[in-house]
Amino acid sequence: MASATPAVASETTPPTTTTETPPSPVADSEPEKVAAADATPKEDEDGGPGTITHMEHSLQKVEHDKVVSKARAWEESVKAKATNRSTRDEAKIAAWESTQKQKAEVKLRKAEEELEKQKAKYLERMQNEIAAAHKSAQERRAMVEAKRGEAFLKAEETAAKIRATGIFPKKFGCFSA
């Protein structure tokens, strides 16, 4: 991150201009005039190059560009931190979601297994009930068959008695003579 700051500063700052005055075409015999000309810059009203107002303006522009560059670097740094934080938080959320999904899937599998066990238990109970109903039905059929057999035997005995004696029993009122 620190390496990005100088690159930004060098991209946004314009090349600095030298504030020195151009050498004057004064002869070497007049060193005092040259020194005096270099020590006090011209104060022209038009603000052209080499004047105090032009130099102050240039310095203010350089300072302003430094401030803008630092602000841009700070802004990019804060944005990068926010991006990193959100990326980290998203990774945590994704991990939490994955964990929750895995827990839910395990719970679902356990519930399915439990349901399968209950289904098997219920199926066995229903099969036992069906078998018990079938057994009871068989017993009842056997009783009905036994009663029918007894009724046939009794009817045969009664018919044999009627044939032998020729007299109908009194409970058969429609056949009595």
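Lysine 101 has a relative accessibility of 48% in this predicted model and therefore counts as partly exposed. Its side chain takes part in a salt bridge with glutamate 97, in which the closest N and O atoms are 3.7 Å apart, a separation that falls within the 4 Å set for such a contact. Glutamate 97 is likewise assigned to the partly exposed class, because its relative accessibility is 39%. Both glutamate 97 and lysine 101 belong to helix 3, where four residues, or about one turn of the helix, lie between their positions.

The pair formed by glutamate 97 and lysine 101 belongs to a set of four salt bridges in the structure. Side chains of opposite charge can pair when their charged atoms come close. A further salt bridge joins lysine 79 to glutamate 75, with 3.1 Å between the closest N and O atoms. These two residues are four residues apart in helix 3, so that about one helical turn separates lysine 79 from glutamate 75. Lysine 79 is classed as partly exposed because its relative accessibility is 48%, and glutamate 75 is also partly exposed, at 38%.

Arginine 148 and glutamate 145 provide another salt bridge, their side chains meeting at an N to O distance of 2.6 Å. Here the spacing along helix 3 is three residues, which again corresponds to about one turn of the helix. The relative accessible area of arginine 148 is 45%, so this residue is partly exposed, and glutamate 145 falls into the partly exposed class with a value of 41%.

The helix that carries these pairs is one of three in the protein chain, which has zero strands, and the order of elements along the sequence reads α-α-α. Helix 3 comprises residues 52-165. Of the 177 residues in the protein chain, 6% count as buried, a class that requires a relative accessible area under 20%.

Within the chain, the UniProt record, an unreviewed entry, annotates residues 94-132 as a "coiled-coil region". In the model, the span 94-132 is 100% helix and 0% strand, and the C-alpha atoms at its two ends lie 56 Å apart.

Charged residues also gather on the surface in patches, whose members are by definition free of salt bridges and have over 30% relative accessible area. A patch of positive charge brings together Lys81, Arg85, Arg88 and Lys92. One of its members, arginine 85, is located in helix 3 and counts as partly exposed because its relative accessibility is 44%, a value that is over the 30% needed for a patch residue.

A patch of negative charge, in turn, is formed on the surface by Glu112, Glu113, Glu114 and Glu116. Glutamate 114, one of these residues, is found in helix 3, and its relative accessible area of 40% places it in the partly exposed class. Helix 3 thus contains glutamate 114 from the negative patch as well as arginine 85 from the positive one, in addition to salt-bridged pairs such as arginine 148 with glutamate 145.

Technical notes
Residues are numbered from 1 along each chain as its sequence is written. This is a predicted model: local features need pLDDT of at least 70, side-chain atom pairs count only at pLDDT 80 or more; totals for chains, interfaces and linings use all residues. Side-chain values use heavy atoms; hydrogens and water are left out. Patches are made of residues with over 30% relative accessible area and no salt bridge: like charges are joined within 9 Å, nonpolar side chains (Val, Leu, Ile, Met, Phe, Trp, Tyr) within 5 Å. Accessible areas come from the Shrake-Rupley method with a 1.4 Å probe; for residues, only the protein chains shown count as cover. Lys and Arg count as positive and Asp and Glu as negative; His and the chain ends are not counted. The place of a charge is taken as NZ of Lys, CZ of Arg, CG of Asp or CD of Glu. Buried means under 20% relative accessible area, exposed over 50%, partly exposed in between (1.4 Å probe, protein chains only). UniProt positions are given in the numbering used here, feature names are shortened, and annotations may be inferred rather than shown by experiment.
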